[in-house]
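Work through these exercises with the model open beside you. Try each task before you read its solution.

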Amino acid sequence: MRMPGLPGKSSVDKPATGVSRRAALRGVGVATVALGAGAAAACTSDAKSSTASSSTAPSATPEKNAVKIDNSTGSSADLTKPVTGIDMFDSYARTIAQTAYTWGWPLVNMRNRHDQITQAPKPVLLNGILPAAPQGHLAMLSNYIDPAETFVTCPNQDVVYGLAYFDLDAQPVIAQVPDFGDRFWVYSLYDHRTDQFGQLGKPYGTKPGFYLLAGPNWKGDTPKGVEAVIRSTTRIANAIPRVFMDSTPEDHTAIQEVLNKVMIYPLSDFDGKSKTTDWAKLPSVDSPSSDGGGETKWVVPEKFFDEFASVLDQVPPLPGEEGLYGQFRSMLDAADKNPALKQLLTDTAIATENDLIKQFFAWKHNGVPAGNGWNRSVNNAQYGLDYFNRTGTSKSNMFDNRPTETQYFYTDNDATGAPLDGNRGYSVTFPAGQEPPVEGFWSLTLYNDKHLFNPNELKRYSLGTKNKNLKRNPDGSLTLYAGAHSPGPDRESNWLPAPSGPFSLYIRAYWGKEPILDGSWQPPAIQPA
């Protein structure tokens with residue numbers, strides 16, 4: 001996965017978990033840290049055996065749970081399992097509940113997005129902005145995303161987006177790939193954990209054709225004319241096509257023909273013939289707007305534990321997670337029989353949202369330091385057991401691409417460590433030949449304090465490869481400017497307008513070369529005026 005261009009072996013028709021045996025064993029350590037020795041002792045139990053039992057069920061006996069372990073092979077499949085029916089006391093339940101909320105936040109987030117978006121009666125634009133469609137169908141934009149978008153934080157205006165949600169066990173779908181020529185494109189496919197599966201895009205040399213997306217338990221026949229079957233690791237999944245478009249009117253016109261051939265639809269509608277839709281003619285439907293001017297609130301703490309059990313049922317544990325599932329189910333079982341304990345779970349969810357989850361909105365709590373005051377994403381869209389970065393990304397900028405497709409760099413601070421503030425002016429200078437080294441494209445985007453676009457008269461939200469009118473310095477370097485006030489007429493083509501207050505800067509490097517992948521390339525320092 002570290003080679004530029006063509007990472008790793010394809011996951012086509014192999015429901016890979018993305019977790020090595022060594023990583024699975026490290027999961028035992030993860031459970032130990034999160035939940036104590038009791039969790040580690042059950043870290044690879046069978047989650048299905050740990051579902052809530054009735055209130056009259058007798059306590060499990062040692063003979064039923066203490067099974068011989070094959071120490072010669074290191075197998076942990078038969079380790080003692082957490083039991084239901086216990087009288088779980090408050091401080092223990094609170095500890096498990098906080099872990100459950102942090103661990104499960106991305107999964108409940110994904111489930112609620114799926115449930116809301118798939119209510120669309122047909123492919124539409126919600127409030128004329130967000131593409132939405134019934135389950136198993138794609139809705140595609142025909143231009144950059146509208147800056148009023150609040151479906152997800154940190155959108156970009158380098159690509160034209162699409163959006164589709166699936167239940168791939170019940171309804172496999174066909175992803176139609178047209179001939180994009182030299183244009184960068186990728187169909188990002190996400191499972192319920194927000195890990196990507198499959199490889200469809202220019203970095204993988206994907207050829208035009210029809211690709212069947214199926215769930216882990218689908219057992220149907222593959223029709224003639226399908227190039228490959230791509231298996232999701234979970235039944236609930238989504239797709240976000242991204243197709244590069246530069247900022248010129250000419251490219252906006254040129255891209256429409258190929259965009260209209262970007263299609264995803266149920267397998268039952270497949271006839272082996274290419275389909276088209278004029279995405280520029282999608283109807284608009286009214287939809288409730290988000291409160292507070294930020295991203296739509298997809299995880300509601302007061303409802304979290306009412307939704308959590310079904311998520312555990314829908315998403316099977318990764319190797320090393322069985323003990324976590326057992327602990328979570330034991331907690332839920334105890335709360336079902338004790339109204340006071342159930343209220344404690346709700347109170348813990350609210351406190352964890354405020355005290356922990358909100359901390360992930362600071363870029364210093366995402367990824368790892370990248371130099372010059374920036375952080376860079378790690379394990380994006382291939383998190384496995386990396387719960388810190390999975391939850392952090394879900395809160396701050398959900399639906400990253402995997403590192404070989406896109407590397408992300410972000411910061412809230414200038415080179416001195418002071419918070420970025422639009423009332424001051426800033427410059428970002430890429431020395432000659434030291435712009436992000438990519439096979440695809442790169443951009444610098446400015447976001448407000450809610451990680452959304454800052455409305456401005458220039459309608460400019462990012463600068464980079466897509467812009468054909470950037471001015472370079474005499475030595476070949478490129479200086480971009482950020483601030484609430486114009487840096488002057490001669491520099492305005494290179495200016496990102498900022499709000500009069502906090503903001504952040506965000507670099508995307510699509511299809512990065514080796515210096516991007518190995519971390520040796522560093523973003524330039526952000527210099528205050």
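**Exercise 1. The cavity**

How many nonpolar, polar and charged residues are in the lining of the largest cavity?

Solution. First, know the source: this is a predicted model, where local features need pLDDT of at least 70, side-chain atom pairs count only at pLDDT 80 or more, and totals for chains, interfaces and linings use all residues. Residues are numbered from 1 along each chain as its sequence is written, and side-chain values use heavy atoms, with hydrogens and water left out.

Step 1. Fix the term. On a 1 Å grid over the protein atoms alone, a cavity is a set of points where a 1.4 Å probe fits but cannot get out; lining residues have an atom within 4 Å of a point.

Step 2. Count and size. There is 1 cavity of 30 Å³ or more. The largest cavity holds about 280 Å³ of space. Here a volume is the space filled by probe spheres set on the points, and grid points are joined across faces, edges and corners.

Step 3. Find the lining. It has 25 residues, and V152, P155, Y161, I240 and R242 are the closest to the centre. The elements that give two or more residues are β2 (130–132), β4 (159–167), β9 (236–244) and β20 (503–512). Strands (E, at least two residues) and helices (H or I, at least four) are DSSP runs, numbered from the N terminus.

Step 4. Sort by class. Ala, Val, Leu, Ile, Met, Phe, Trp, Tyr, Cys and Pro count as nonpolar, Asp, Glu, Lys and Arg as charged, and the others, Gly among them, as polar. The lining of the largest cavity has 16 nonpolar, 5 polar and 4 charged residues.

**Exercise 2. The pocket**

Find the element that gives the most to the lining of the largest pocket.

Solution. Step 1. A pocket is an open set with protein on both sides within 12 Å along at least five of seven lines.

Step 2. The largest pocket has a volume of about 770 Å³. It is lined by 30 residues, with E295, T296, K297, W298 and V299 the closest to its centre.

Step 3. α4, α6 (301–314) and α8 each give two or more residues to this lining. α4 gives the most, with 5 residues.

Step 4. By class, the lining of the largest pocket has 8 nonpolar, 11 polar and 11 charged residues.

**Exercise 3. Helix crossings**

Describe how α4 packs against α8 and against α6.

Solution. Step 1. Axes are lines fitted to C-alpha atoms, for helices over the stretch in contact, and angles run from 0 to 180 degrees between N-to-C directions.

Step 2. Helix α4 (residues 90–117) and helix α8 (residues 339–355) pack at about 50°, with their axes 9 Å apart. That makes α4 oblique to α8 (angles under 35 degrees count as roughly parallel, over 145 as roughly antiparallel, 65 to 115 as roughly perpendicular and the rest as oblique).

Step 3. In α4, the residues that meet α8 include D90, R94 and W105; in α8, L341 and E353 are among the partners. Contact means heavy atoms within 4.5 Å. This contact has 8 nonpolar, 4 polar and 3 charged residues.

Step 4. Turn to α6. The axes of α4 and α6 come within 9 Å and cross at roughly 80°. The two helices are therefore roughly perpendicular to each other. Among the contact residues are W103 and L107 in α4, and F304 and F308 in α6. The α4–α6 contact divides into 13 nonpolar, 3 polar and 2 charged residues.
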